[in-house]
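Biologist: I have a structure to go through with you, and I'd like to hear the reasoning behind each label. Shall we take a look?

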Amino acid sequence: MRKMTRILLPVLILMLMAFAETPNKYFEISKNIEIFTNLYKELNLYYVDEVDPAKLMRIGVDAMLEHLDPYTNYFSENQIEGWRFMSEGRYEGLGAETKLIDNYLTITDLIDGAPAETSGLKIGDQIIKVDGRSTEGKNKVEVETMMRTVPSPEIKLEVVRIGQKKALPITLTRSEINDSNVPYHGMVADGIGYVILTTFTENAGKNVGDAIRDLKKENPELKGVILDLRNNGGGLLREAVSICNLFIPKDALVVTTRGKVQEWDREFKTTGVTAFPDLPVTVLANKMTASASEIVSGVLQDYDRGIIIGQRTYGKGLVQNTRDIGYNSQLKLTTAKYYIPSGRCIQSVAYQDGEPVDVPDDQRAAFKTRNGRKVLDGGGVTPDIKMDPVDVPDLIGQLEAQNMIFKYVNSYQQSHESIGDPQEFRFDDFEGFIQFLQTYGFVYHNPAYRKLDEAVAVMEKDRQSDYLPQLQQLQNELTQNNDAVFNADKEIILKTIASQIIARYYPEKDKILYKLRHDNEVKKAIEVLEDANGYQQILAGK
């Protein structure tokens, strides 16, 4: 019963918080707390099978939160490291990207200077034991839990390395990892700088400012800078304000937050002298640019201080705060909406399966920027220059899902000690890759084939075999067209493989540089910044 009490406590705290805000609902709240407790007790005592209290309660909590917005979440003790990384950019762990491949957790990427790299782990290593305990079939969360239960700061791993059959011992010293939120900055054209910000964690504003200062120091005639916020899911609001302060004057309104508790409503303004008051700036954004990233994009747009290029952003105009609910657990809940200087709220007003749905422009309220340009609310920031997103072909998705490219690069690395200058590297052994796929028995099944698979399964289950030969014949015909699909996607396959090969031999910045060379949105941003008159005309609404 003590264990049950520990599980119930967070839920009771949530309900009591609601009561504290709305005392007139006391009876309803107390009644439902009692019903919930009695129901749980009866299940725990009399249900025919043993129940896992933590699992059962988690299901209940998740079901409750599903009825709210997608950003109100509960983080259990096991998930707290992930929450710390999202909010602070630091956590304790491997310092590596991992994936379950061939039944073992496999290193797919490394953070420079993190414990995984300094201990000697390499991309492709499969972790087969932690402190003598097998990891077979265990996912990332389970393996990280095994590591946290090791009492010593030193964790003894056994890994299988590419091309080796004998397990290799690795001693990993646990330490806090600080992942850089500005992994690269540099020049991408004559007089044009580039800065990528991956998340709004601690010191995001300082790091972006320092990056631009470095660019100006090395290039006194800097014409403009590209700030890349694509796939940036946001983070700390104060860091968004700090980044805006790099480009707009002191005491300028950045964002207003308004929610149920009026005492919590706040205005956030810039507090310092503008670091780069006249430096032209373009912001790259896409559908995964969210939250704090949208504040920066929207504020620069509202003040006509920068040009947004790419696709409409995600549409997350909600403010979350975290509450400690005991036992090292956290509740992240929505407490307000934010409004940027034009008065618009970019929060999406429609969701489907937890994701924002595009709202037609004619159903969105119109506002004005400082120069009188029309901007819209209710569904993200619309770019000043719209560009079609780069679609990832279905074939690439299937190759990645089955780890074919990853395994091919493993094989490539075994037979190549080096690849020379990463920015001059080209991969063109397409036939070799096709032969590799044939050796591994990979057969591409396009979306139509996979839909037919579902139909075949239904017919077999219902014993309706009359149409099975025709369906299977159609699937065979779809498979025969695979050569044409591979040829159509040849260039993107070669570039994807090249990017992953470079990551095996060089730091992350070299992989980023390689991708930038083939980035049409970066090319467009360069074009905009090189045309000073055109840049000003866009901001003037001409």
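Modeller: Happy to. Let me begin with a definition: two strands pair if DSSP finds at least two bridges between them. With that in hand, Ile-196 of β11 stands opposite Asp-228 in β12. Keep in mind that this is a predicted model.

Biologist: What makes β11 and β12 a pair?

Modeller: The rule asks for at least two bridges, and β11 and strand β12 (residues 224-228) have five, in the parallel sense. They therefore count as paired. Together with helix α7 (residues 204-218), β11 and β12 make a right-handed β-α-β unit.

Biologist: What lies on the other side, towards β10?

Modeller: Strand β10 (residues 184-189) pairs with β11 in the antiparallel sense, over five bridges. Met-187, for example, has Gly-193 as its bridge partner in β11. The two strands form a hairpin with two residues between them, and Gly-191 in the turn has a positive phi of about 85°.

Biologist: Why is β11 called largely enclosed?

Modeller: Buried means under 20% relative accessible area, and five of the five residues of β11 (residues 192-196) are buried, so the strand is largely enclosed by the rest of the structure. Ile-192, Tyr-194 and Ile-196 point one way, Gly-193 and Val-195 the other, and all are buried. That fits a broader pattern: in a regular strand the side chains alternate between the two faces of the sheet.

Biologist: Which strands sit at the edges of the sheet?

Modeller: The sheet is open, with six strands in the order β10-β11-β12-β15-β16-β23 and mixed pairing. Its edge strands are β10 and β23 (385-386), as each pairs on one side only. Further inside, four bridges join β15 (residues 281-285) to β16 (residues 307-310), which run parallel, and Val-283 stands opposite Ile-308 in β16.

Biologist: How do you know that Arg-230 and Asp-228 form a salt bridge?

Modeller: The cut-off is 4 Å between a side-chain nitrogen of Lys or Arg and a carboxyl oxygen of Asp or Glu. Arg-230 and Asp-228 meet at 2.8 Å, N to O, so the pair qualifies. Both residues are buried. By this rule the count comes to 19 salt bridges.

Biologist: What makes Asp-210 partly exposed?

Modeller: Partly exposed is the range between buried, under 20%, and exposed, over 50%. Asp-210 has a relative accessible area of 28%, so it belongs in that range. It forms a salt bridge with Lys-206, with the closest N and O atoms 2.8 Å apart. Both lie in helix α7, four residues apart, about one turn of the helix.

Biologist: And why are Glu-527 and Lys-524 called a salt bridge?

Modeller: Their closest N and O atoms are 3.2 Å apart, and the limit is 4 Å, so this pair passes too. Both lie in helix α18 (residues 520-530), three residues apart. Salt bridges that share partners also join Asp-228, Arg-230, Asp-519 and Glu-521 into one network.

Biologist: One last stop: what makes Tyr-47 eligible for a surface patch?

Modeller: A patch residue needs over 30% relative accessible area and no salt bridge. Tyr-47 has 45%, so it clears that area threshold. With Leu-39, Leu-43 and Val-48, Tyr-47 makes a nonpolar patch of about 410 Å². Tyr-47 itself lies in the loop between α2 (26-46) and α3 (53-65).

How values were computed: Residues numbered from 1 in each chain as written. Predicted model: local features only at pLDDT ≥ 70, side-chain atom pairs only at ≥ 80, totals over all residues. Heavy atoms only, no water. Patch = residues over 30% accessible without salt bridge, like charges linked within 9 Å, V, L, I, M, F, W, Y side chains within 5 Å. Areas by Shrake-Rupley, 256 points an atom, 1.4 Å probe, with all protein chains shown as cover. Buried < 20%, exposed > 50% of the residue type's maximum accessible area, 1.4 Å probe, protein only. Right-handed = clockwise from strand over helix to strand, strands pointing away.
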